[in-house]
Amino acid sequence: MAEPKLKTPDKHTGIQADAQPLVDVQDLKKYFPIRSGFLQRVIGHVKAVDGVSFQLPRGTTMGLVGESGCGKTTVGRTLLRLYDQTDGRVYFGGQEVFALNKAELRALRPKMQIIFQDPYSSLSPRLPIGEIIGEAVREHGIVAKEAYEDHLDTIMKQCGLQPYHKERYPHEFSGGQRQRICIARALALNPEFVVCDEPVSALDVSIQAQIINLLMDLQERYQLTYLFISHDLSVVEHISSQIGVMYLGKLVEHGTKKAIFDNPLHPYTQALFSAIPIPEPGARSNRIVLEGTIPSPANPPPGCKFHTRCAYCMQVCKTQEPESKELEPGHFVACHLYDQEKTEQEKTPCT
């Protein structure tokens, strides 16, 4: 059986976005306390997300990339208020998410959903999938009682499942089918925004293509907005309309897909993209190998957090944190290499 091919992204990138963003993130921070001793006193904080800002127009996809532990998943979960923020604001459709009371948040919940990374552990083994997909539909009153079964059947068919699957349990399905169940569970609530937390990383390549095609079809049909978190840059390039690159809790570069892939500016982005395999026999890429290890988010270095691994490190990088600046229309980067306001005396190499 031939492996499925990825759909062409033309229809995806051609989506017309609203003037007002659906999701507006402003200087979002999430610190986790470090406790020690018998009394569990707070002795420090892990700065998982440390000042992230971006806007996500309706009907588009933002790919969020970076090394493990950089804070990608924490960003997604904090946007949905699965975590309380330490500082910053998140606006969804003009509403400030962290200012909502319990009743208002409950009303907003169906519009914001998440597809978890592991389809094996994110499904209850004790419930049939009909109950897994329909539990929240019934709880939030998404459809009338008499239309409940038809609604589930429709959603399951759109996600590549059959209505007779409703009586089966998660252990009776393959990994790809379980991920389809997770997608159906999110889609059943008629959401507007979906956080896709590495939804294909646990699947083989042929199944990855099926799931990516499914997500793109559903986005075109329902005008869904995605935050797509992944390590696979080729998948991110295919499905995304804009890209964000995170390092140690910071968004070091973000912009349109074309701008980021055609002209990566930040040294960290350049190193990540140099690791993308070239699908040509005998072709060799100029791989940029980063020296050293990622600093601890509990004790990040002063100045630019990347300066301990950067080949272009300057003295100013050790003391001053770079600001994110728009160097091209819609292309933002936080790096002193592109700060024209610094004098040449300040930009001396690290010793």
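Let's start at a small turn in the chain: Q40 is found in the loop between β1 (23–36) and β2 (41–56). Helices (H or I, at least four residues) and strands (E, at least two) are DSSP runs, numbered from the N terminus. Q40 has a positive phi of about 55 degrees although it is not a glycine. With a relative accessible area of 41%, Q40 is partly exposed. Here buried means under 20% relative accessible area, exposed means over 50%, and partly exposed is in between (1.4 Å probe, protein chains only).

A word on what you're looking at. This is a predicted model, in which local features need pLDDT of at least 70 and side-chain atom pairs count only at pLDDT 80 or more, while totals for chains, interfaces and linings use all residues. Residues are numbered from 1 along each chain as its sequence is written, and side-chain values use heavy atoms, with hydrogens and water left out.

Now step back to the whole chain. The protein chain has eleven helices and twelve strands. It runs to 351 residues, and 48% of them count as buried. The accessible surface comes to about 17600 Å², with 49% of that belonging to carbon and sulfur atoms; these areas come from the Shrake-Rupley method with a 1.4 Å probe, and for residues only the protein chains shown count as cover. If you take contacts (heavy atoms within 4.5 Å) between residues at least 6 apart in sequence, 66% of them join residues at least 24 apart.

Next, zoom in on helix α4, residues 129–140. Which of its residues are buried? In α4 they are I129, G130, I132, I133, G134 and V137. What covers these buried residues includes α5 and α6. Just after α4 comes G141, whose phi is positive, near 65 degrees.

How do neighbouring helices sit against each other? Two packed helices are described by the angle between their axes and the distance between the axes. The axes are lines fitted to C-alpha atoms, for helices over the stretch in contact, and angles run from 0 to 180 degrees between N-to-C directions. Take α4 and α5 as a pair: they pack at an angle of about 120 degrees, with their axes 11 Å apart. That makes α4 oblique to α5, because angles under 35 degrees count as roughly parallel, over 145 as roughly antiparallel, 65 to 115 as roughly perpendicular and the rest as oblique. α4 passes α5 in a right-handed crossing; a crossing is right-handed if the near helix is turned clockwise from the far one by less than a right angle, and left-handed if anticlockwise. On the α4 side, the contact is made by I129, G130, I133, G134, E135, V137 and R138, and on the α5 side by Y148, H151, L152 and M156. Sorted by class, that contact has six nonpolar, three polar and two charged residues. For this sorting, Ala, Val, Leu, Ile, Met, Phe, Trp, Tyr, Cys and Pro count as nonpolar, Asp, Glu, Lys and Arg as charged, and the others, Gly among them, as polar.

The pairing of α4 with α6 (residues 175–187) has its own geometry: the axes come within 8 Å and cross at roughly 25 degrees. That makes α4 roughly parallel to α6. This crossing is right-handed. I129, I132 and I133 in α4 meet I181, A184 and R185 in α6. The contact has five nonpolar residues, no polar ones and one charged.

From α6 you can carry on to α7 (residues 205–222), where the axes come within 10 Å and cross at roughly 15 degrees. α6 and α7 are therefore roughly parallel to each other. Their crossing is right-handed. G176, Q179, R180, I183 and L187 of α6 make the contact with I207, Q210, I211, L214, L215, L218 and Y222 of α7. Those residues divide into eight nonpolar, three polar and one charged.

After α7, look at Q223, in the loop between α7 and β8 (225–229). Q223 has a positive phi of about 55 degrees although it is not a glycine, and it is partly exposed, with a relative accessible area of 33%.

Two more residues are worth a visit. P128 lies in the loop between β6 (112–115) and α4, and counts as buried at 19% relative accessibility. P128 touches K166, E167, R168 and Y169, leaving out residues up to four places away in sequence. D153 lies in helix α5 (residues 148–158) and, at 18% relative accessibility, counts as buried. Leaving out residues up to four places away in sequence, D153 touches P163 and K166.
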